[in-house]
Amino acid sequence: MSEADERNELQSHFPYMGLKLNELTIQEERLILFFIKGMSKAAAGRAAGYQNMENVYAIFKREPIQNAINYLRNEMVEDCKFDRNQAT
């Protein structure tokens, strides 16, 4: 999946996250995508093009970013739900 496709997928979930379409910058969207894939906050910040890691940590504390990350984590958990019936 290309980066543009991943960003479109992320943006399609914005209403469920309580976000408006242009509430996050492209760089912030990239930061979230890299972080949710398993990168550390610092590595995600570097990959998204941030120079100052203090800014990255401040961005992660913003409520819209927290809402997006929490929503995506919950979605990942829902995708991985596994019970006894599926195991047999």
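**Close-ups of an all-helix chain**

Of the 88 residues in this protein chain, 36% count as buried. Keep in mind that what you're looking at is a predicted model.

**Figure 1. The whole chain, with seven helices and zero strands.** Follow the sequence from start to end and you'll read the pattern α-α-α-α-α-α-α. The C-alpha trace spans about 50 × 25 × 25 Å along its principal axes. How much surface does the chain expose? The answer is about 5900 Å², and carbon and sulfur atoms supply 49% of that. The chain also carries 11 positive and 13 negative charges, and the mean positions of the two sets sit 6 Å apart. As for how the chain folds back on itself, take the contacts between residues at least 6 apart in sequence: 45% of them join residues at least 24 apart.

**Figure 2. Helix α3, largely enclosed by the rest of the structure.** Why is α3 described as largely enclosed? Because eight of its 11 residues are buried. Those buried residues are Glu28, Glu29, Leu31, Ile32, Leu33, Phe34, Phe35 and Ile36. Which helices do they pack against? You'll find α1 (3-12), α2 (14-17), α4 (41-47), α5 (53-60) and α6 around them. Here's a handy thing to remember while you look: an α-helix has 3.6 residues a turn, so residues three or four places apart point the same way. Just past the end of α3, look for Gly38, which takes a positive phi of about 120 degrees.

**Figure 3. Where α3 passes α6 in a right-handed crossing.** Here helix α3 (residues 26-36) runs past helix α6 (residues 63-79). Their axes come within 11 Å and cross at roughly 35 degrees. Which residues meet at this crossing? On the α3 side they are Glu28, Ile32, Phe35 and Ile36. On the α6 side, look for Ile65, Ala68, Ile69, Leu72, Arg73 and Met76.

**Figure 4. Gln11, a buried residue in helix α1.** Is Gln11 buried or exposed? Its relative accessibility is 18%, so Gln11 counts as buried; the cut-off for that word is under 20%. Skip the residues up to four places away in sequence, and Gln11 touches Leu21 and Glu29. You've met Glu29 already: it's among the buried residues of α3.

**Figure 5. Phe34 and its contacts, seen from within helix α3.** Phe34 has a relative accessible area of 17%, so this residue is buried too. What does Phe34 touch, once residues up to four places away in sequence are set aside? Met39, Ala44, Ala47 and Ala48. Now find Tyr57, which lies 23 residues from Phe34 along the chain. The C-alpha atoms of Phe34 and Tyr57 are separated by 14 Å.

**Figure 6. Ala48, in the loop between α4 and α5.** Don't let the loop fool you: Ala48 is buried, with a relative accessible area of 3%. Leaving out neighbours within four places in sequence, Ala48 is in contact with Gln27, Arg30, Leu31 and Phe34. How far apart in space are Ala48 and Gln27? They're 21 residues apart in sequence, and 5.9 Å apart from C-alpha to C-alpha. Two of the contacts of Ala48, Leu31 and Phe34, are on the list of buried residues in α3.

Note on methods:
Residues are numbered from 1 along each chain as its sequence is written. This is a predicted model: local features need pLDDT of at least 70, side-chain atom pairs count only at pLDDT 80 or more; totals for chains, interfaces and linings use all residues. Side-chain values use heavy atoms; hydrogens and water are left out. Helices (H or I, at least four residues) and strands (E, at least two) are DSSP runs, numbered from the N terminus. Buried means under 20% relative accessible area, exposed over 50%, partly exposed in between (1.4 Å probe, protein chains only). Contact means heavy atoms within 4.5 Å. Accessible areas come from the Shrake-Rupley method with a 1.4 Å probe; for residues, only the protein chains shown count as cover. Lys and Arg count as positive and Asp and Glu as negative; His and the chain ends are not counted. The place of a charge is taken as NZ of Lys, CZ of Arg, CG of Asp or CD of Glu. Axes are lines fitted to C-alpha atoms, for helices over the stretch in contact, and angles run from 0 to 180 degrees between N-to-C directions. A crossing is left-handed if the near helix is turned anticlockwise from the far one by less than a right angle, and right-handed if clockwise.
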